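User: I would like a close look at a single part of this model, together with the surroundings that give that part its context. Please keep the account connected and formal.

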Amino acid sequence: MILLGVAVMVVIAVVAIVLMVKDIRANRPASRRAIMTLCTAGIVAAATIAYAVI
């Protein structure tokens with residue numbers, strides 16, 4: 001289960017990085033979608049760590 005959480009976290013983080021790079025290359029501030037994706041990756045990471053500790 002922990003490996004599944006890590007895998008989901010990595011996939012979401014890669015998507016967030018791709019979205020941020022697109023915004024940077026277009027010389028725009030970070031889009032709402034990119035920021036929300038980064039937050040989602042953080043939430044999944046926190047949940048995975050909490051599950052591992054408990």
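Is A30 buried or exposed, or does it count as partly exposed, and at what relative accessibility? Please set that residue against its contacts and the helix that precedes it.

Analyst: The model is a predicted one, and the description below should be read accordingly. A30 counts as partly exposed, because its relative accessibility is 36% and the partly exposed class lies between 20% and 50%. The residue is found in the loop between α1 and α2.

Leaving aside residues up to four places away in sequence, A30 touches M20, D23 and I35. The approach to M20 can also be followed in the backbone: these two residues are 10 apart along the chain, and their C-alpha atoms are separated by 6.2 Å.

Of these partners, D23 merits a fuller description. D23 is found in helix α1 and counts as buried, because its relative accessibility is 5%, under the 20% limit for that class. With residues up to four places away again set aside, D23 touches R28, P29, A30, S31 and A34. One of these contacts is also a salt bridge: D23 pairs with R28, and the closest N and O atoms are 2.9 Å apart. Side chains of opposite charge can pair when their charged atoms come close. R28 itself counts as partly exposed, at 48% relative accessibility, so the bridge joins a buried residue to a partly exposed one. The count for the protein comes to one salt bridge.

The helix that carries D23 can be examined next. Helix α1 covers residues 2–25, and its 24 residues should span 34 Å at 1.5 Å a residue; the end C-alpha atoms are 35 Å apart, which agrees with that expectation. After α1 comes N27, a residue with a positive phi, near 60°.

The buried residues of α1 are G5, I12, A16, L19 and D23, and they pack against α2, which covers residues 32–53. An α-helix has 3.6 residues a turn, so residues three or four places apart point the same way. That rule gives a useful frame for reading the buried set, in which I12, A16, L19 and D23 are included.

Another group of residues forms a nonpolar patch on the surface. This patch, of about 810 Å², is made by M1, I2, L4, V6, V8, V10, V14, V18 and Y51, and α1 gives the most to it, with seven residues. V10 serves as an example: its place is in helix α1, and it is partly exposed, with a relative accessible area of 45%.

The overall architecture supplies the remaining context. The secondary structure comes to two helices and zero strands. The radius of gyration is 13 Å, well over the 10 Å that the globule rule gives for 54 residues, so the protein is more spread out than a compact globule. Along its principal axes, the C-alpha trace spans about 45 × 15 × 10 Å. Buried residues make up 20% of the 54 residues, and the accessible surface comes to about 4200 Å², of which 76% belongs to carbon and sulfur atoms. Among contacts with a separation of 6 or more, 52% are between residues 24 or more positions apart.

To return to the request, A30 is a partly exposed residue of the loop between α1 and α2, and it touches the buried D23.

Conventions: Residues are numbered from 1 along each chain as its sequence is written. This is a predicted model: local features need pLDDT of at least 70, side-chain atom pairs count only at pLDDT 80 or more; totals for chains, interfaces and linings use all residues. Side-chain values use heavy atoms; hydrogens and water are left out. Helices (H or I, at least four residues) and strands (E, at least two) are DSSP runs, numbered from the N terminus. The expected span of a helix is 1.5 Å times one less than its number of residues. Buried means under 20% relative accessible area, exposed over 50%, partly exposed in between (1.4 Å probe, protein chains only). Contact means heavy atoms within 4.5 Å. Patches are made of residues with over 30% relative accessible area and no salt bridge: like charges are joined within 9 Å, nonpolar side chains (Val, Leu, Ile, Met, Phe, Trp, Tyr) within 5 Å. Accessible areas come from the Shrake-Rupley method with a 1.4 Å probe; for residues, only the protein chains shown count as cover. A salt bridge is a side-chain nitrogen of Lys or Arg within 4 Å of a carboxyl oxygen of Asp or Glu. The radius of gyration is taken over C-alpha atoms; the globule rule is 2.2 Å times the number of residues to the power 0.38.
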